[in-house]
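I opened the file today to work through the strands and one helix pair. My notes follow in the order I looked things up.

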Amino acid sequence: MNTGKKVGIEESEMDKLNILVEMGHPAHVHFFKNPIKIWESLGHQVIIVTRDKEITHTLLDELGLKYTPLSKQKTGMLMMAGELMVRWAKMIYCIKANNIDVAISISGISTSFPAWVCGIKAITCTDTEDAVLSNKIAFKYSDVVLTPSTFVNKSEFPNIQSYESFHELAYLHPNWYQPARENLALFNIEEGERYIFIRLVQWKALHDIHEKGISEEN
């Protein structure tokens with residue numbers, strides 16, 4: 001093997017990847033913001049595509065991250081199916097136009113099939129086990145599916161790899177996050193006082209169809 005300097009540079013250039021990151025939910029921005037910093041610091045190019053859902057674009061704007069919207073959130077089975085077809089078509093175009101090497105997302109429903117069509121690698125991250133339909137589609141076309149070890153049903157999909165952690169630590173681990181405790185005063189909470197945050201959702205996702213939550217009155 002030629003170990004000359006020039007060849008070494010060429011080999012280094014070959015290691016640089018064009019990475020497509022799909023963000024379909026505000027939480028995905030938090031999950032991917034730190035990996036994106038790492039990938040870019042290593043010289044990889046990151047292309048961000050989004051689904052216009054809730055405050056996803058607001059968070060990306062605050063972080064100064066450039067992105068390309070592919071669709072706006074729809075509701076109802078038929079409307080969401082139509083939106084998915086649009087997303088797949090635009091995703092395939094984006095992969096080819098940007099010479100993408102690997103596509104990565106949470107859930108994988110928007111990225112895995114287009115990646116398979118284009119002959120590139122697809123990495124799917126998920127911790128939502130009750131998204132049965134979208135998981136079956138996404139996992140089938142994913143090269144690797146990354147799940148927390150608490151994900152129970154692994155036997156059906158041999159491409160699942162588990163890790164001993166949770167998605168939330170991608171942005172709440174002390175290496176990345178330091179709480180601004182002075183903000184407790186905004187909620188009339190004193191330092192050391194116990195408190196609970198309750199997160200409410202719209203129940204409009206595909207895996208929420210036919211499901212019900214607590215009423216607004218309750």
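Which residue in β3 does valine 49 stand opposite? I looked there and found threonine 68. I note for the record that this is a predicted model.

**Entry: β2 and β3**

I took the strand pair around that residue next. Strand β2 covers residues 45-52, and its pairing with β3 is parallel, over four bridges. I then followed the chain from β2 to β3 and passed through α3 on the way. I wrote this β-α-β crossover down as right-handed.

**Entry: the whole sheet**

In what order do the seven strands lie? I read it off as β3-β2-β1-β4-β5-β6-β7, an open sheet with parallel pairing. I checked the edges and found β3 (68-72) at one and β7 at the other. Each has a single partner strand, so one side of each is left without a neighbour in the sheet. I also looked up the twist: on average, neighbouring strands are turned by 20° against each other, direction ignored.

**Entry: β1, β4 and β5**

I moved to strand β1, residues 18-23. Four bridges tie β1 to strand β4 (residues 102-106) in the parallel sense. For isoleucine 19, I found valine 102 as the bridge partner in β4.

On to β4 with β5. I found five bridges here, again in the parallel sense. Alanine 103 faces another alanine, number 122 in β5. Helix α5 (residues 112-118) belongs to this stretch: with β4 and β5 it makes a β-α-β unit, which I logged as right-handed.

**Entry: β5, β6 and β7**

How many bridges join β5 to β6? I found three, between residues 121-125 of β5 and residues 144-148 of β6, and the two strands run parallel. Threonine 124 stands opposite valine 145 in β6. I traced the chain from β5 to β6 through helix α6, residues 132-140. This β-α-β crossover is right-handed.

Then I took β6 with strand β7 (residues 160-163). Four bridges join these strands, which run parallel. Opposite proline 148 I found tyrosine 163 in β7.

**Entry: α2 against α3**

I finished with a helix pair. Two packed helices are described by the angle between their axes and the distance between the axes. I looked up both values for helix α2 (residues 26-41) and helix α3 (residues 56-63). The axes come within 7 Å and cross at roughly 30°. Angles under 35 degrees count as roughly parallel, so I entered α2 as roughly parallel to α3. The crossing of α2 past α3 is right-handed.

Which residues make the contact? From α2 I listed Pro26, Val29, His30 and Lys33. From α3 I listed Thr56, Leu59, Leu60 and Leu63. I sorted the contact of α2 with α3 by class and got five nonpolar, two polar and one charged residues.

Terms used:
Residues are numbered from 1 along each chain as its sequence is written. This is a predicted model: local features need pLDDT of at least 70, side-chain atom pairs count only at pLDDT 80 or more; totals for chains, interfaces and linings use all residues. Side-chain values use heavy atoms; hydrogens and water are left out. Two strands pair if DSSP finds at least two bridges between them. A crossover is right-handed if, with the strands pointing away from the viewer, the path from the first strand over the helix to the second runs clockwise. Axes are lines fitted to C-alpha atoms, for helices over the stretch in contact, and angles run from 0 to 180 degrees between N-to-C directions. Angles under 35 degrees count as roughly parallel, over 145 as roughly antiparallel, 65 to 115 as roughly perpendicular and the rest as oblique. A crossing is left-handed if the near helix is turned anticlockwise from the far one by less than a right angle, and right-handed if clockwise. Contact means heavy atoms within 4.5 Å. Ala, Val, Leu, Ile, Met, Phe, Trp, Tyr, Cys and Pro count as nonpolar, Asp, Glu, Lys and Arg as charged, and the others, Gly among them, as polar.
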